[in-house]
Amino acid sequence: MSIDPKVIRRQKLRWRIRTKLHGTASKPRLSVFRSNRDIYAQLINDDNGTTIAAVSSRDKDIAAIAGNKVEKSMNVGKMIAQKALALGVQACIFDRGGYLYHGRVKSVADGAREGGLKF
């Protein structure tokens, strides 16, 4: 079984991006993972290697909302911003994870900005 060349390309992009981005406790990294069906967002403190908060489109609150994948991605961004603000995090670094800043990934970023996160 061979590995899909698109997956290898995205992993190389992801590693290249990760060498330049580093999240701290005061300014964590907002990491996005996009599958074919769902989207996941995490706030990560790279100093400790811990996840501060995580939200996905599979959560009951977001899955119950009707709409297409882009709209659900916007809700994921808003929800991660709410969790971040509740934890006292005002700003973050956006990690697109090797995906193009377009469509669902952009929608997560826009939702997080609407929710009050700065990056």
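Two strands pair if DSSP finds at least two bridges between them. Strands (E, at least two residues) and helices (H or I, at least four) are DSSP runs, numbered from the N terminus.

This is a predicted model: local features need pLDDT of at least 70, side-chain atom pairs count only at pLDDT 80 or more, and totals for chains, interfaces and linings use all residues. Residues are numbered from 1 along each chain as its sequence is written, and side-chain values use heavy atoms, with hydrogens and water left out.

**Stop 1: the strands**

Select strand E2, residues 39-45. Now add strand E3, residues 50-56. E2 and E3 run antiparallel, joined by 6 bridges. Find Tyr-40; Ser-56 in E3 stands opposite. E2 and E3 form a hairpin with 4 residues between the strands. Click Gly-49 in this hairpin: its phi is positive, near 75°.

Next, add strand E1, residues 29-34. E1 pairs with E2 over 6 bridges, in the antiparallel sense. This is a hairpin too, with 4 residues between E1 and E2. Look for Val-32, which stands opposite Ala-41 in E2.

Is E2 largely enclosed or not? Buried means under 20% relative accessible area, exposed over 50%, and partly exposed in between (1.4 Å probe, protein chains only). In E2, 5 of the 7 residues are buried, so the strand is largely enclosed by the rest of the structure.

**Stop 2: the aromatic rings**

Rings of Phe, Tyr and Trp (its six-membered ring) pair if their centres lie within 6.5 Å. Planes under 30 degrees apart count as stacked, over 60 as edge-to-face, and the rest as tilted. How many aromatic pairs are there? The count comes to 4.

Select Phe-33 and Tyr-40 for a tilted pair. Their centres are 5.9 Å apart, with 35° between the planes. Phe-33 is partly exposed at 40% relative accessibility. Tyr-40 is partly exposed as well, at 26%.

Move on to Phe-94 and Phe-119, a stacked pair. Here the centres are 5.4 Å apart and the planes 10°. Which parts of the chain does this pair link? Phe-94 is in strand E4 (residues 93-95), and Phe-119 is in the segment after helix H4 (104-115). These distant parts put the two residues 25 apart along the chain. Phe-94 is buried at 16% relative accessible area, whereas Phe-119 is partly exposed at 33%.

**Last stop: a cluster**

Keep Phe-33 and Tyr-40 in view and add Tyr-99. Ring pairs link these three residues into a cluster.
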